[in-house]
Every structure is written in structure tokens, then in C-alpha cells.
Amino acid sequence: MNSYHIIDVSQWMDDFIFPGNPAFSLTGPFNRVSGSNPEFVYDFTSCSQSGTHIQGPHYFLESGAKIDAFPIDTFEGNAIVVDLNKRGVDTTAVDFRDLLQGSDTSASILIMRTGNMDEIIRTGRVDDSNCPGISLDAARYLVEECQFKMLAIDSIGFESRVTKNYEVNVYLCSQGILLLEGLVNLAAISHQNVFLEAFPLKLRGVEGTPCRAIVKEMIENPS
């Protein structure tokens, strides 16, 4: 028996489309084989940023590494969950020092729980003034001092919309950090220390892809 249970933290592919991105589309079923037993095959098209998605440095850097450059084992690891309560303004390095005080920051992944993505899907509306995000000094603290290799958030991104030039994303991409966005259902996580898996599709030449992200949470006193 497994000593953990799995929490699905991925949204359905058509739950939310970022403004300006093409819609996810699904057509079918189609039968493309001969004989009297038809198959049921579907075609779909998607933006690389649709649904819950993970991306590498090429996201904001033309010469940045694309998602296929990362070894497969970099898409899973021990993670720490922290709650971000600020909306429309940045969570700062000082805030993160308090949030992570006493935590085991040897984990390679930080999961930021805000509830924002669930709210966006529920209401169908993105309110820039209510988006969570992190400041540039916070990004530097998380990368240079805490040495996280992946940052994850249940929102449409890591910027609070205070900036229009996305300096936080540019910095994170320049440092080779994997960015996991659009998580949902983080309220189901009850522990601070978990194990995260978020494997991209096996595509060459793109900044990132949709992924099926899951959290494995240890079961106390499994029978």
C-alpha cells in the first residue's frame, strides 16, 4: 500500500484561456481506420500556455533554454507550500523570510498557494488589482539564498501586475528557474512539505507545455 495520497492540482485544459491566447479546441471523434470496427479519435489544438503549464527560460528570453533542454528529473521533487495573502501588491523578500522561517529549504520547489486560479475559473474574470505576485527582491531571495529550482503558483503568473515589463519573469528566466503556473485545488493540501510532479509534454523547440501536475502527500500512520 502506498504511504501517500495523490492530489490533482491541474486544471482542465479548457477551464481558462489567458486573454489574447487562442482558445483550446477539441474536434471529433474521427474514424481513420478501415474495417467494420470504427475507432474514436479526437483532434485538439492548444497554446503552449493553456491549462496548468510549466515553462523554462525561453519564456522571456529569446536565447533561453527551451523546455526539452531540461533533464526529466528536474520536473519533480520535494516541495514547500506557503500561503500568500497579498493581492494586487507584491509579496516581498521580507515576507518570504517570515513565511519560510523554520522551514526545510533544502527542498528544490516552492509552491505558492493563493486561491487565485480557482477564483478566476469560478468567476470567469481576471481582476488585475486582485492578482498575487512576488517582487524582484523576493525572486532574488528565493533563487539566490533559498536556491529553489522551480517556483509554482495557483495563479496566472508570478507578477502582481504592479509592473508592465515583467522584470520578475525576466530575472527568473535568466537564472534558469522552471515556472509552474495555473495550479488549482491547493486547498486540498494539508501539509507544508509535499512531493510535486509536473512533467511537460515531450515537445522540442517550445518554452513550455501544458502538464498534469500532482502533489503526493504523506499519509500519517498508514494501515
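This dialogue covers one helix and two pockets in a predicted model.

Trainee: Which residues of helix α2 are buried?

Mentor: Buried here means under 20% relative accessible area. In α2, residues 116–123, the buried ones are N116, M117 and I120.

Trainee: Where do the buried residues of α2 fall, seen down the axis?

Mentor: They fall within an arc of 100°, so they line one face of the helix.

Trainee: What comes just after α2?

Mentor: G124 does, and G124 takes a positive phi of about 70°.

Trainee: Now the pockets. How do I look for empty space?

Mentor: Rolling a probe the size of a water molecule over the atoms shows where empty space is left. In this model, the largest pocket has a volume of about 380 Å³. Its lining has 19 residues. Closest to the centre are M13, T52, P210, C211 and R212.

Trainee: Which strand supplies the largest share of that lining?

Mentor: β10 does, with five residues. Both β9 (193–200) and β10 (208–218) supply at least two residues each.

Trainee: What classes of residue line the largest pocket?

Mentor: Ten are nonpolar, seven are polar and two are charged.

Trainee: What is the volume of the second largest pocket?

Mentor: The second largest pocket holds about 280 Å³ of space. It is lined by 21 residues. F18, Q49, Y59, I156 and E181 are the closest to its centre.

Trainee: How many residues of each class are in that second lining?

Mentor: The second largest pocket is lined by nine nonpolar, nine polar and three charged residues.

Note on methods:
Residues are numbered from 1 along each chain as its sequence is written. This is a predicted model: local features need pLDDT of at least 70, side-chain atom pairs count only at pLDDT 80 or more; totals for chains, interfaces and linings use all residues. Side-chain values use heavy atoms; hydrogens and water are left out. Buried means under 20% relative accessible area, exposed over 50%, partly exposed in between (1.4 Å probe, protein chains only). Helices (H or I, at least four residues) and strands (E, at least two) are DSSP runs, numbered from the N terminus. The arc is that of the directions from the helix axis to the C-beta atoms. On a 1 Å grid over the protein atoms alone, a cavity is a set of points where a 1.4 Å probe fits but cannot get out, and a pocket is an open set with protein on both sides within 12 Å along at least five of seven lines; lining residues have an atom within 4 Å of a point. Grid points are joined across faces, edges and corners, and a volume is the space filled by probe spheres set on the points. Ala, Val, Leu, Ile, Met, Phe, Trp, Tyr, Cys and Pro count as nonpolar, Asp, Glu, Lys and Arg as charged, and the others, Gly among them, as polar.
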